[in-house]
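Here are a few short exercises to work through with the model open beside you. Try each task before reading its solution.

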Amino acid sequence: FESTEQPKTWQQTEFALKQIMSSGGAEDDIPQAERKTVTDFCYLLDKSKQLFNGLRDLPQYGQKQWQSYFGRTFDVYTKLWKFQQQHRQVLDNRYGLKRWQIGEIASKIGQLYYHYYLRTSETSYLNEAFSFYSAIRQRSYYSQVNKEDRPELVVKKLRYYARFIVVCLLLNKMDVVKDLVKELSDEIEDYTHRFNTEDQVEWNLVLQEVAAFIEADPVMVLNDDNTIVITSNRLSETGAPLLEQGMIVGQLALADALIIGNCNNQVKFSELTIDMFRMLQALEREPMNLASQMNKPGMQESTEKPARRENPHKYLLYKPTFSQLYTFLAASFKELPANSVLLIYLSATGVFPSGRSDSEGPYDFGGVLTNSNRDVINGDAIHKRNQSYKEMHCLHPGDLYPFTRKPLFIIVDSSNSVAYKNFTNLFGQPLVCLLSPTAYPKALQEVLSKQHEQMCKK
């Protein structure tokens with residue numbers, strides 16, 4: 001959650017309110033009902049900002065502590081959105097409500113739905129986020145921002161585009177993504193041309209990241225008429241594989257997952273690597289529309305919420321430190337329901353042992369890298385310690401042993417995945433380890449080599 005505005009105190013709001021209303025004429029001439037409308041709107045607006053900013057302070061792990069706070073925030077934004085719709089004319093005349101301010105409210109509602117999706121893993125909330133973001137674009141709420149000499153407002157617009165792109169990527173709306181990237185590119189060019197900004201390089205990097213992400217992700221499938229078919233990794237109602245004869249179901253269910261991305265120089269956008277992006281979709285059902293209309297943004301009433309569909313809960317961890325990873329892992333382990341499985345997906349750079357060891361224990365084969373604060377040059381961490389010690393920022397197989405007290409499913413996608421090859425099951429609980437190959441097959445190596453030569457010639 002990002003906000004460049006600080007919530008006002010009620011005294012500040014009252015002072016600003018008098019200034020706004022008096023600028024439109026003599027304050028005594030304003031009817032009491034209209035005065036109350038503006039006062040109520042300012043109260044709801046400030047309350048919504050306070051609650052929205054408070055969401056950043058909620059714990060990122062755990063599935064219970066945040067729910068009531070999210071509920072209160074949704075309720076206030078529901079009232080605020082409906083209030084500005086019902087009293088638009090008064091707010092235009094007496095408050096001077098601008099279209100970009102309406103867009104800002106809609107953008108924050110979109111952020112709420114997106115973060116609610118991250119918290120619940122319910123893909124239907126992605127559709128709701130798309131609904132609000134799409135309405136901002138269709139109704140040109142931010143169209144007048146560029147005419148005002150306020151770079152911070154343009155940055156709000158650019159951030160809106162970046163968030164909208166993430167939601168569209170997750171919904172596989174690649175045609176919309178390409179349109180948004182073109183619009184974002186034009187907006188960044190205009191922004192950097194008009195203002196002497198220090199963040200030009202950062203925004204150009206955003207464009208480079210999303211372009212690389214689009215190029216890396218889709219596998220294009222063509223119909224007979226050469227039209228592109230958008231494929232999805234999510235589970236559809238009709239796409240579930242058939243059970244083999246004699247298979248027993250219902251004994252264990254996948255309830256929680258940690259999806260970890262910490263590869264050097266990997267394609268990513270925002271804090272979502274291409275590996276994390278593909279894996280999180282593989283653990284979800286296809287989105288379904290909620291009760292609210294797609295072309296008319298409006299918050300749902302509590303009675304309109306869809307039936308829960310039990311997608312596995314997920315944590316997305318981009319370049320976590322060892323302590324962060326262990327904290328989230330412990331939280332998932334603690335809250336794992338009975339007869340459930342915890343999945344750990346590790347897409348990370350391999351850490352190899354620095355020397356030969358006399359023993360062959362769970363800390364002697366290296367593992368995968370977690371994030372650190374040490375200097376990194378060309379993707380290689382600078383070591384300033386005795387090489388005889390173990391790598392302190394490495395997640396060794398032995399670090400996961402305590403969590404085998406419950407059913408565990410581990411996927412290791414790394415150059416040192418073999419470190420987890422002899423993973424010991426100490427507690428007799430169900431345990432599965434899927435390990436990526438550490439080298440390409442010879443036939444594929446030749447294909448990649450030829451492709452590399454062709455690219456170099458170009």
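**Exercise 1.** In this predicted model, check the length of helix H9 (residues 200-216) against what its 17 residues should span.

*Solution.* Start from a rise of 1.5 Å a residue, which gives an expected span of 24 Å for H9. Then take the end C-alpha atoms of H9: they lie 25 Å apart, in agreement with that value.

**Exercise 2.** Find which residues of H9 are buried, and work out how they are arranged around the axis.

*Solution.* Apply the cut-off first: buried means under 20% relative accessible area. In H9, this picks out Trp 203, Val 206, Leu 207, Glu 209, Val 210, Phe 213 and Ile 214. They share one side of H9, because their arc around the axis is only 160°. A general rule helps here: an α-helix has 3.6 residues a turn, so residues three or four places apart point the same way.

Now turn to the other side of H9, where Val 201, Gln 208 and Glu 215 are exposed.

Finally, look for the partners: the buried residues of H9 pack against helices H7 (151-170), H8 (174-194) and H10 (274-282), as well as strands S4 (268-269) and S5 (272-273).

**Exercise 3.** Locate Ser 140 and Lys 319, and describe the backbone and exposure of each.

*Solution.* Take Ser 140 first: this residue sits in the loop between helix H6 (124-138) and H7. Its phi is positive, about 55°, although Ser 140 is not a glycine. With 35% relative accessibility, Ser 140 counts as partly exposed.

Next comes Lys 319, in the loop between strand S6 (313-318) and helix H11 (322-335). Lys 319, also not a glycine, has a positive phi near 50°. Its relative accessible area of 27% makes Lys 319 partly exposed.

How values were computed:
Residues numbered from 1 in each chain as written. Predicted model: local features only at pLDDT ≥ 70, side-chain atom pairs only at ≥ 80, totals over all residues. Heavy atoms only, no water. Helix = DSSP H or I, 4+ residues; strand = E, 2+ residues; numbered from the N terminus. Expected span 1.5 Å × (residues − 1). Buried < 20%, exposed > 50% of the residue type's maximum accessible area, 1.4 Å probe, protein only. Arc of directions from axis to C-beta. Contact = heavy atoms within 4.5 Å.
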